[in-house]
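Here are a few exercises to work through with the model open beside you. Try each task before you read its solution.

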Amino acid sequence: MTDAQSISKVTDIINDSKIGMLTTINEEGALVSRPLAVQEVKDDGDMWFYTGLGTSQVAHVRADSRVNVAFGKNTEWVSVAGRAEVVTDRARIREMWNQAVEAWFPDGPDTPEVCLLRVDSDSAEYWTSPGGTAATVLQWVKSKVTNSKMSVGESGTVEL
């Protein structure tokens, strides 16, 4: 698979999943994950999320910008490593605003607490298991019967 195809695969999985587990590094150096809805994914894998200025993820990103965002849906998964930044530009917040965000910020895009996290993606790893759960179970049974390594789907790493 070419790099362009791998990048397209990564962005397709993210767009199909919608919710990612954003992992940051806290004050003690421990990894902390929480779900966030991706708002936009660029062709190069960069992502945008809405959040609040008073959240732990904003505090963590301001102290250490290294992040990971993992997505998964049915039989496809992706893990994206990168650096995040807190964006408070009101014009950008308004530009990206949508009705789904109002569930968290009912006062709209001018809510003082609302901000964006932009993840500048460095690399991604993805895994797919075509055929769904039944095919995966069948491959597992086959590997047990033949005493061989289970082989399903494809995986890859791509620099973004």
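**Exercise 1. Find the element that holds D122, and decide how open this residue is to solvent.**

Step 1. D122 sits in strand 6, which covers residues 114-128; helices (H or I, at least four residues) and strands (E, at least two) are DSSP runs numbered from the N terminus. Residue numbers start from 1 along each chain as its sequence is written, and side-chain values rest on heavy atoms, with hydrogens and water left out. Keep in mind that this is a predicted model, where local features need pLDDT of at least 70, side-chain atom pairs count only at pLDDT 80 or more, and totals for chains, interfaces and linings use all residues.

Step 2. D122 has a relative accessible area of 38%, so the residue is partly exposed. Buried means under 20%, exposed over 50%, and partly exposed in between (1.4 Å probe, protein chains only).

**Exercise 2. Name the strands that pair with strand 6, and give one bridge for each.**

Step 1. A pair needs at least two DSSP bridges between the strands.

Step 2. Strand 3 (residues 47-52) is an antiparallel partner of strand 6, with 6 bridges. Here W48 faces R118 of strand 6.

Step 3. Strand 5 (residues 76-87) is also antiparallel to strand 6, joined by 12 bridges. V86 has L117 as its bridge partner in strand 6.

**Exercise 3. Follow the pairing of strand 4 on to its neighbours.**

Step 1. Strand 4 (residues 66-73) pairs with strand 1 (residues 19-25) over 3 bridges, in the antiparallel sense. In this pair, M21 is matched with A70 of strand 4.

Step 2. Strand 4 also runs antiparallel to strand 5, with 8 bridges. K73 stands opposite E76 of strand 5.

Step 3. Strand 4 and strand 5 make a hairpin with 2 residues between them.

**Exercise 4. Which residues other than glycine have a positive phi near 75° or near 55°, and where do they lie?**

Step 1. Recall the background: most residues other than glycine have a negative phi.

Step 2. K18 has a positive phi near 75° and lies in the loop between helix 1 (3-17) and strand 1. With a relative accessible area of 48%, K18 counts as partly exposed.

Step 3. N74 has a positive phi near 55°, and its place is the loop between strand 4 and strand 5. The relative accessible area of N74 is 69%, so this residue is exposed.
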